[in-house]
Amino acid sequence: MSAEDDSWSKVKKRLQAEVGDDIYSSWFARMDLEAIEDGTVRLSVPTRFLKSWIQSHYAERVLACWQTEVQEVGRVELIVRSAMRTTMVKPKPELEPSAGEAVRYPNGHGAKSRPLTVGEPNVHEALGGSPLDPRLTFDGFVVGRSNTLAHAAAKQVASAKRGDAVMFNPLYIHAGVGLGKTHLLQATTWAANAMGERKALYLTAEKFMYGFVSALRTQTALAFKEALRGIGVLVIDDLQFLQGKSTQAEFCHTLNALIDAGRQVVIASDRPPSDLESLDDRVRSRLAGGLVVEMGPLGEELRFEILKARVLAARAHHPSFDVPAPVLGYIAKTVTHNGRDLEGALNRLLAHNKLTGHPVTLEMAEREVRDLIRPQEPKRVKIEDIQRVVARQYNVSRSDLLSSRRTANVVRPRQVAMYLAKTLTLRSLPEIGRRFGGRDHTTVLHAVRKIEGLVGNDMALAEEIELLKRQLQE
Ligand code: ADP
Ligand code: MG
């Protein structure tokens, strides 16, 4: 074995030990060493997707592993194998830290400086919170029977002063899609910040996860925690998306630290704490220990009022936009699904009105919103499409997926494809097994469980699967 190959196998072992077997086999198992020249290590992967993932999530880690083995390595270049082999064009290096700055990790090697060149959100950005929509304020929030309590609690939280006794902590609001959770949370954030007493930070659970994960990776978890603790009101939206053991442990930590310090926490989710199956018991009981409020479906009257408020708001930009009351009544009566569809319906009327210059009439409204009335069925995804998209993504052929080959580069894609077949279609396990080269339903079940288990801990895989889902559902 050459010295290079020897180093490479050590680097791989080190990497595997650092990221764990699952992540390693998802992302690094197919990475090859192409060359080492002048302090630059050139590695190849089979797909662009892998390249960009590794680049944005693990670049520094890979470099650090190399530097531990071979001190002279200053840079890691990542290239896509097929592209390289067919064109032989030397790809441009995209992975370099800024000149002169070595990236080192603390497991022994000390140096602190790190370049900020890799495509990751920095901690400030993560802590800067998710963007707030200026329309989602208390002024624009219409109160009705289904949301009176949630609204009152949110108002109370937003207007509390520093040093006031915290009345309910956390405030936990749950409701189905489009029933105003985000609106209420953002309104709370705006209002609390407008008071100027306490800093309110609005984060989606996703932002919390990625912010935290990247903070961990950049060795500033402490700074991240410190900053979080400097916050008066922490608002977390869509908590149901919080996943992964370490994220949860950190979330639990943050929650306890904030609550114990008398800071306010506000949370929204699509389900009550008791139904957050992936959360551990301690977090669940802490969440349930504050005030838990449900917002029910929007009643017809509330829908009417929301529409009225929306038309008024739209008039600020489009003074000629007018929707007669009977039209509003018609939409409120027929578009029953949720707040988003109401908004969608009005947007169509507005667009039609602007583009054609025709006034809004009942007849036009009936035509424009017809498909919003019967809630659209979600697009039906076919198993062939799943196989095609997955095969393309992982650079294998569809027949590989159906074959009995058990090499790592087809096993994982096959499992992902089966998992997607189970989650995106109504097909039964035996049926899916049949469609994947006549496999047994227990094989499918195993694949589904495997992937379910992995996505809880492997953010990268979770995002990859989200991407695939999006492609399939578009
Ligand atoms: P969720 O976060 O619960 O899925 P959103 O807060 O995004 O729902 O609400 C969806 C849409 O419905 C938004 O445009 C929102 O402004 C509107 N909406 C929902 N409830 C109300 C309400 N009570 N008053 C005004 N607008 C509302
Ligand atoms: Mg929302």
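**Where ligand 1 lies.** I began with the position of ligand 1 in this predicted model, and found that domain 2 (138-294) and domain 3 (300-372) both give residues to the shell around ligand 1, so the ligand lies between them. I then looked up the pockets, and noted that the space which ligand 1 takes up is the largest pocket.

**The shell.** Of the 18 residues that surround ligand 1, I listed G178, T182, H183, R310 and R340 as those that come nearest. Sorting the shell by residue type, I obtained six nonpolar, eight polar and four charged residues. When I asked which helices contribute to the shell, I found that α7 (181-195), α12 (300-315) and α14 (339-356) each supply at least two of its residues.

**Polar contacts.** I next went through the oxygen atoms of ligand 1, and recorded one that is 2.9 Å from an N or O atom in the side chain of K181. For E343, I noted a polar side-chain atom 2.8 Å from an oxygen atom of the ligand, while at G339 a polar backbone atom is 3.5 Å from an oxygen atom of ligand 1. I also looked up the accessible area of ligand 1, which exposes 550 Å² when taken alone, and the protein buries 94% of that area.

**Backbone geometry.** Turning to the backbone, I found a cis peptide bond between N169 and P170, with omega at about -5°. I placed P170 in the loop that runs between α6 (148-159) and β4 (171-174). I also checked phi at D38, which is positive at about 45° although this residue is not a glycine. My last entry on D38 is its location, which is the loop between β1 (32-37) and β2 (40-45).

Methods
Residues numbered from 1 in each chain as written. Chains lettered and ligands numbered in written order. Predicted model: local features only at pLDDT ≥ 70, side-chain atom pairs only at ≥ 80, totals over all residues. Heavy atoms only, no water. Near = heavy atom within 4 Å. Polar contact = N/O pair within 3.5 Å; in protein donor to acceptor, adjacent residues only side chain to side chain. Areas by Shrake-Rupley, 256 points an atom, 1.4 Å probe, with all protein chains shown as cover. 1 Å grid on protein atoms, 1.4 Å probe; cavity = no way out; pocket = protein on both sides within 12 Å on 5 of 7 lines; lining within 4 Å. Sits in = over half its atoms within 2 Å of the grid points. Helix = DSSP H or I, 4+ residues; strand = E, 2+ residues; numbered from the N terminus. Nonpolar A, V, L, I, M, F, W, Y, C, P; charged D, E, K, R; others polar. Domains from an automatic or database assignment.
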